[in-house]
Amino acid sequence: MLADKACQDAGGTFATPIKRHRGRELTAKEKSANRAHTRLRSPVERAFARLKAWRIFRKARVSPNKLTSIVTLEKQR
């Protein structure tokens with residue numbers, strides 16, 4: 001699972017970007033790894049931002065299964 005820098009100590013299940021420490025710059029390999037990590041995370045971040053912008057989710061009082069049906073119908077329009 002990909003995570004951001006805030007989850008640095010989350011354990012082995014999360015892949016986080018390499019953090020720069022004081023007095024040490026990142027190597028070219030580390031920068032490249034961070035760029036690849038960002039490329040994989042950015043579409044997911046944009047999807048969550050888009051879902052948060054939809055007004056229907058702000059006042060939803062139904063089960064997640066019902067919301068899935070609503071979203072599927074909305075995408076077909």
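The bend at a residue is the angle between axes fitted to the seven residues ending there and the seven starting there. With that in mind, welcome to this predicted model, where a kink of about 30° lies at Arg 41 in helix H1, shortly before the proline Pro 43. The protein has 77 residues, and its secondary structure consists of two helices and zero strands. Below is a short tour, starting with the whole chain and then moving to helix H1 and the charged pairs.

**The protein as a whole**

- Of the 77 residues, 12% count as buried.
- The accessible surface comes to about 6,900 Å², and carbon and sulfur atoms hold 55% of that area.
- Among contacts with a separation of 6 or more, 15% join residues that are 24 or more positions apart.

**Helix H1: its length and its kink**

- Helix H1 covers residues 28-53.
- Does its length fit the expectation, and what is the expected span? At 1.5 Å a residue, the 26 residues of H1 should span 38 Å, and the end C-alpha atoms are 37 Å apart, which agrees.
- The kink of about 30° belongs to this helix too, and you can find it at Arg 41, shortly before Pro 43.

**Helix H1: what is buried and what is not**

- Which residues of H1 are buried? They are Glu 30, Asn 34, His 37 and Arg 41.
- An α-helix has 3.6 residues a turn, so residues three or four places apart point the same way.
- Asn 34 is a member of helix H1, and it counts as buried because its relative accessibility is 12%, while the cut-off for buried is under 20%.
- Leaving aside residues up to four places away in sequence, Asn 34 touches Pro 17, Ile 18 and Leu 26.
- Phe 48 also sits in helix H1, but Phe 48 counts as partly exposed, at 49% relative accessibility.
- Together with Val 44 and Leu 51, Phe 48 makes a nonpolar surface patch of about 260 Å².

**Salt bridges**

- How many salt bridges are there? The count comes to three.
- Arg 41 and Glu 45 form a salt bridge in which the closest N and O atoms are 2.6 Å apart.
- Arg 41 and Glu 45 are four residues apart in helix H1, so about one helical turn separates them.
- Within this pair, Arg 41 is buried, with a relative accessible area of 17%, whereas Glu 45 is partly exposed at 40%.
- Glu 30 pairs with Arg 24, and here the closest N and O atoms lie 3.3 Å apart.
- Is Glu 30 buried or exposed? Glu 30 is buried, with a relative accessible area of 17%, while its partner Arg 24 counts as partly exposed at 34%.
- The side chains of Glu 25 and Arg 20 also meet in a salt bridge, at 3.9 Å from N to O; this pair qualifies because the cut-off is within 4 Å.
- Glu 25 counts as exposed, at 56% relative accessibility, and Arg 20 counts as partly exposed, at 46%.

**One residue to look at again**

- If you want a single place to start in the 3D view, try Arg 41: the kink of H1 lies there, its side chain forms a salt bridge with Glu 45, and Arg 41 is one of the buried residues of the helix.

Key:
Residues are numbered from 1 along each chain as its sequence is written. This is a predicted model: local features need pLDDT of at least 70, side-chain atom pairs count only at pLDDT 80 or more; totals for chains, interfaces and linings use all residues. Side-chain values use heavy atoms; hydrogens and water are left out. Buried means under 20% relative accessible area, exposed over 50%, partly exposed in between (1.4 Å probe, protein chains only). Contact means heavy atoms within 4.5 Å. Accessible areas come from the Shrake-Rupley method with a 1.4 Å probe; for residues, only the protein chains shown count as cover. Patches are made of residues with over 30% relative accessible area and no salt bridge: like charges are joined within 9 Å, nonpolar side chains (Val, Leu, Ile, Met, Phe, Trp, Tyr) within 5 Å. The expected span of a helix is 1.5 Å times one less than its number of residues.
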